[in-house]
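Visitor: Please show me the structure, and then I will ask about a few of its parts.

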Amino acid sequence: MEEIWEPAKANMHKLMARKKAVMLAPTPASVGALCEAFCAGSLPHEAVTLSLEMVQREPDNPHYLLIAALVLTNHVFRYDIAAALLRKLALLEPDNYGVKILLAQALIVNGDLAGGSGIFAEVIKRYPEQRVFSALQISQIFIRMGYPREALDILLFAVQLEPSNPMLYNTIGCALGCLNRSDEARPWYEQAQRMAPEDEGVLLGHTMVLLKSGHYGKGWELFAQRRNKLTAVTKWFGQFPQLQCGDVVADKTIALYQEQGLGDTLQFIRFAAILVERGARVTVAVGAEMVRLLSMSCPDLIVRDVAQLVLDETFDYVLPIPSLPCVTNMQTIADIPGTVPYLRADPKDVARFAGRLPARGPRIGLVWSGDRRTNAVDVMADQLRSTTLAVMGAALTPVDAALVCLQFGKPREDMENWHGQPLCDPMGEVKDMADTAAIIENLDLVISVDTSVLHLAGALGKPVWLLSRWDACWRWGEAGDTSPWYPSLRIFRPQERSFQPVLEQMGQALRAWVGAWHAAHPQGTQATSL
C-alpha cells in the first residue's frame with residue numbers, strides 16, 4: 001500500500017511551498033490558515049515554528065499572539081508558553097473575555113488552579129451574559145485535568161441558567177462518569193442526545209458510561225454508530241461495506257483492522273474466533289509490531305501487516321477491531337469468550353529472553369507510563385493514567401525480587417535517572433509485541449498502568465496488577481479489584497487524583513505477595529514455564 005503514502009508526501013511538499021509563498025507577504029489570515037493546514041496534515045511543529053516566528057516579527061500583534069497560543073494549546077500541549085502569550089494578549093485586549101477564558105484554562109493546566117479560577121470569576125462578574133459559555137469552557141478543562149468535582153459544581157449551577165443547552169447536559173454526564181457515577185450520568189447523556197442527536201461527542205460519552213456501568217448491549221449499539229477513526233492507511237477500508245450485527249458471514253471474507261490503541265486490539269481480538277466459527281474467512285490487518293504475535297496466537301486468522309495489503313484486494317465486509325463485541329452480540333460479561341490465555345509467545349523467544357533475565361525470582365515486570373504524545377487532549381488523558389519510575393519505584397521498592405523493565409517509548413528514559421533498586425532492562429532487544437510476550441512469559445508478576453502491556457499480560461494469563469486511573473477507564477468498571485476481561489488481573493483503584501496513597505497500598509500488597517512467593521519457592525528459583 002505504498003501508494004497511500006504518496007499523497008501524504010505530496011501534501012507535505014505542497015504545504016512547505018505554500019509557506020514560502022505566504023512568508024513573502026504574511027497576514028494573520030494567511031498565517032492562521034496555513035497553521036491549520038499544517039496541523040491537519042500532521043505537521044503541528046511546523047505550525048508552531050511559523051506562528052512563533054510571526055510573534056517574534058510582530059510581538060504586539062494580537063492576531064499572531066492568538067494564533068500561536070491556539071497552536072500551542074490545541075496541538076502540542078505547551079500551555080506554559082501559551083500562558084505567557086495569553087498574558088500579553090490580555091494586556092493588549094483587556095476587554096476580550098475569550099482571551100481571559102483561554103488564559104484561565106492555560107493557568108489551570110499549568111497547575112495554577114487559584115489563578116485560573118480567579119480569572120474565571122472575574123469573567124463571570126464582568127460579562128454575565130457569557131456565564132454559561134464560560135462555565136462550559138472552564139468545566140471542560142477541569143475535567144480533562146482530573147477535577148470533575150469542581151466541574152460538576154459549576155455545571156449544575158450553569159444548567160439552571162440555560163436548561164436548553166445540550167452541551168451542559170453532555171458535560172454534566174462526563175463529569176459524573178469521571179466520578180464513577182455512571183448510572184447517574186446516563187439520564188444526563190440521554191437528555192443531551194435528545195437535544196443534539198447528531199453530536200458525536202455526546203454519542204461517545206453516552207457509550208462510555210453505558211459500557212462502564214455494564215449495559216453492554218445498548219453501549220455497543222451506540223458505539224457502532226460512531227464515525228470510525230481512519231488513518232491515511234486504514235481509510236482504504238472505507239470503500240467496503242461495514243459488517244453489522246445480524247449479517248450472515250458464512251463463506252464471506254471479512255477484514256478486521258486496527259482502529260484505536262494496541263490495547264484495544266489485544267482486548268477485542270478474542271471475539272474474531274466467533275466470526276470464524278460462523279464460517280467467515282477472516283483477515284486481520286494490524287501494524288507490523290502485532291503481526292507475529294497474532295499469527296502465532298490465532299492460527300485460524302489470516303494476519304497481515306496493514307501496510308502490505310494490495311490495493312486491488314477485495315472483501316465482502318470490513319470492521320474495526322473494537323467493534324467486534326457489537327457484531328458478535330455481546331450483551332453481558334457472560335458473552336466474553338472464556339478463552340484466556342488466548343495469546344501465546346514463541347517458546348524459542350521465551351528461552352532466548354530467559355537467559356537475559358535474573359535467575360532468581362520472583363521476577364516482576366514494571367510499566368509506569370503510557371506513550372508520551374503531543375496532542376493536547378491525548379497528553380491530558382495520559383497525565384491521568386501515567387506516573388514516573390521515580391514515583392512508582394519509591395513506593396514499590398526495596399523488595400526481595402528481581403525487577404524487570406517492560407516500559408516502552410520515551411518514558412523508558414526514566415531509567416537513566418533511577419538510582420534505586422536495580423532493574424533488568426531487556427526492552428532494547430524488543431522488536432515487536434511477540435518479543436514482549438516472551439519476556440512476560442518469563443515473569444511471575446506484571447505491574448502496570450493502563451497500557452497495552454497490561455492487556456498483553458492479561459491475555460497471556462499472567463498475574464498482572466493494574467495501577468488504574470482514579471476516574472477508571474470504562475473497561476475496568478467503577479468498583480472492585482477484579483475484571484471479567486482478564487481473570488488474572490488485580491485492580492488497584494486510587495480514590496483521589498494523586499497516585500501516592502494507592503501506590504503505598506500496592507507496595508504493601510507487593511511485599512506480602514513476595515513473602516508468600518518465597519515461602520512457596522524456598523530455593524528462590526524462577527518457576528514460570530510455558
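The questions and answers below concern a predicted model.

Visitor: How does the span of helix α12 compare with what is expected at 1.5 Å a residue, and what is the distance between its end C-alpha atoms?
Guide: Helix α12 runs over residues 200-212 and has 13 residues. At 1.5 Å a residue, these should span 18 Å. The expected span agrees with the distance between the end C-alpha atoms, which is 18 Å.

Visitor: Which backbone nitrogen does a side-chain oxygen of Asp-199 reach at the start of α12?
Guide: The contact is at the start of α12, and its oxygen comes from the side chain of Asp-199. That oxygen lies within 2.9 Å of its partner, the backbone nitrogen of Gly-201.

Visitor: Which residue just after α12 takes a positive phi?
Guide: The place to look is just after α12, where one residue has a phi of about 85°. That residue is Gly-214.

Visitor: What covers the buried residues of α12?
Guide: The buried residues of α12 include Val-202, Leu-203, Val-209 and Leu-210, along with His-206 and Lys-212. Their cover includes helices α10 (166-178), α11 (182-195) and α13 (216-223).

Visitor: Which residues does Arg-186 touch, not counting residues up to four places away in sequence?
Guide: Arg-186 lies in helix α11, and that helix is part of the cover over the buried residues of α12. Among the buried residues of α12 are His-206, Val-209 and Leu-210. Arg-186 touches these three and two others; the full list is His-206, Val-209, Leu-210, Ser-213 and His-215.

Visitor: Is Gly-41 buried, exposed or partly exposed?
Guide: Gly-41 lies in the loop between α2 (28-40) and α3 (44-57). Buried means under 20% relative accessible area and exposed means over 50%. Gly-41 has a relative accessibility of 25%, so the glycine counts as partly exposed.

Visitor: Which residues of α5 are buried?
Guide: Helix α5 covers residues 79-92, 14 residues in total. From first C-alpha to last the helix reaches 19 Å, close to the 20 Å expected. Its buried residues are Tyr-79, Ala-82, Ala-83, Leu-85, Leu-86, Leu-89 and Ala-90.

Visitor: How many charged residues are in the lining of the largest cavity?
Guide: A search of the whole structure finds 1 cavity of 30 Å³ or more, and the largest cavity has a volume of about 40 Å³. Its lining includes Ala-224, Leu-243, Cys-245 and Ser-323. By class, the lining has 6 nonpolar and 3 polar residues, and the number of charged residues is none.

Definitions and conventions
Residues numbered from 1 in each chain as written. Predicted model: local features only at pLDDT ≥ 70, side-chain atom pairs only at ≥ 80, totals over all residues. Heavy atoms only, no water. Helix = DSSP H or I, 4+ residues; strand = E, 2+ residues; numbered from the N terminus. Expected span 1.5 Å × (residues − 1). Buried < 20%, exposed > 50% of the residue type's maximum accessible area, 1.4 Å probe, protein only. 1 Å grid on protein atoms, 1.4 Å probe; cavity = no way out; pocket = protein on both sides within 12 Å on 5 of 7 lines; lining within 4 Å. Points joined across faces, edges and corners; volume = space filled by probe spheres on them. Nonpolar A, V, L, I, M, F, W, Y, C, P; charged D, E, K, R; others polar. Contact = heavy atoms within 4.5 Å. Polar contact = N/O pair within 3.5 Å; in protein donor to acceptor, adjacent residues only side chain to side chain.
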